[in-house]
Amino acid sequence: RTEAGFLLWYHALNAKETHGEMFENGAVGSSIAVLDIENLRASGVSDTERTIAASLLRLLVEEEEYRDKFLSAKSTTGSGFEVLSDALGNLAVGQERVAGVLRVLAESPRCRSRIINNFSPLNWRHFLGVLEDPLNRNEASKVQTAFFLRYLVMGRDDLKAEVAAACGARALLQMLRASKTESAINAAAGCLMRMAEEDSFLQSVAEQDGIKPLADVIAPPPHFFVLTAIAEQKRRAEEEENRRVGLERRAEE
């Protein structure tokens, strides 16, 4: 199963013309089934197999014409969107790629409308839990999830109000405070900016003491200076080592 999944992924990576065949011949449905939480424990799916399945789906939805097809694809327990939404908060491995699929779908206005129309009410707490989970060290998955939420509520104040009611301000501010990378900080701040277009969400930010973490974003937080200094120190040490080795080689010659 692992080898077959890898070959499908490699084939899709190097031959875009085969993407349609992946949908027609069941590769997408099989990949969704691999990620189905209901099937994981029963079928003994490995972390590698989940990662390959998520990576294949991430490749296929890059093309606009196949995003609609993905939303129509089904597993035994639900649609592709429902399966990936459930998997997002329950996978220790492959979470970043699952979140990436959801983000790409939400970027498309047509797919965004289908998600909202066909799968409402959405379980906002499920998505927000990924952002504020203190045990989740995968910042890349948080970045993708934050972008997914940001795109999904675009132009919809009613959805922003739903996110506010689901403690969205708390989750995004927690992500902002805990983030160690610039990309994660930018993703959290950008999502907050989008959500704060709605009055109740903006009020929630104030109630969650959101002024200080937002103020910290304006000036680079101290840990950025520390990381920069460490990186510079490492670079200088490598240059010095390379220079020393070069001198020794010239001396030997």
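How far apart are F6 and Y10 in helix α1, counted in residues and in helical turns? Helix α1 covers residues 2–14, and because F6 and Y10 sit four residues apart within it, about one helical turn separates them. Before I go on, I should say that what we are looking at is a predicted model, and everything I describe this morning is to be heard with that in mind.

Let me begin with the aromatic rings. A pair of aromatic rings is described by the distance of the centres and the angle of the planes. Counted with a limit of 6.5 Å between the centres, the structure has seven aromatic pairs. F6 and Y10 make one of them, a stacked pair with 6.2 Å from centre to centre and 25° between the planes. As for their surroundings, F6 is partly exposed, with a relative accessible area of 40%, and Y10 is likewise described as partly exposed, at 45%.

Now please turn to a second pair, F23 and Y66, whose ring centres are 5.3 Å apart and whose planes meet at 15°, so that this pair, too, is stacked. Which parts of the chain does the pair of F23 and Y66 tie together? F23 belongs to helix α2, residues 19–24, while Y66 belongs to helix α6, residues 64–72, so the pair ties together parts that lie 43 residues apart in sequence. Are these two rings buried or exposed? F23 is buried at a relative accessible area of 16%, and Y66 is buried as well, at 8%; both count as buried because the limit for that word is under 20%.

Further along the chain, ring pairs join F81, F119, F127 and F148 into a cluster. There is also a charge to point out beside a ring, since R103 lies over the face of F147, at 4.1 Å from the ring centre.

From the rings I move to a polar side chain, Q95, which is found in helix α8, residues 95–107. With a relative accessibility of 7%, Q95 counts as buried. What lies 2.6 Å from a polar atom of the side chain of Q95? The answer is the backbone oxygen of L88. If we leave aside residues up to four places away in sequence, Q95 touches L88, G89, V130, N136, N138 and S141, so that L88 appears both in this list of contacts and as the owner of that backbone oxygen, because contact here means heavy atoms within 4.5 Å.

My last topic is the salt bridges, of which the structure holds 13. In helix α6, the helix that also carries Y66, the side chains of R67 and E64 meet in a salt bridge with 3.0 Å from N to O. These two residues are three apart, about one turn of the helix. R67 is buried, at 9% relative accessible area, whereas E64, at 42%, is partly exposed.

Another salt bridge joins the side chains of R156 and D158, at 2.7 Å from N to O. Here R156 is partly exposed, with a relative accessible area of 29%, and D158 is partly exposed at 37%.

Finally, E197 and R194 meet through their side chains in a salt bridge of 3.5 Å, N to O. E197 counts as partly exposed at 44%, while R194, at 18%, counts as buried. This bridge is part of something wider, for salt bridges with shared partners join D157, K160, R194 and E197 into one network.

Definitions and conventions
Residues numbered from 1 in each chain as written. Predicted model: local features only at pLDDT ≥ 70, side-chain atom pairs only at ≥ 80, totals over all residues. Heavy atoms only, no water. Phe/Tyr/Trp six-rings, centres within 6.5 Å; stacked < 30°, edge-to-face > 60°. Buried < 20%, exposed > 50% of the residue type's maximum accessible area, 1.4 Å probe, protein only. Lys NZ or Arg CZ within 6 Å of the ring centre and 35° of its normal. Polar contact = N/O pair within 3.5 Å; in protein donor to acceptor, adjacent residues only side chain to side chain. Salt bridge = Lys/Arg side-chain N within 4 Å of Asp/Glu carboxyl O.
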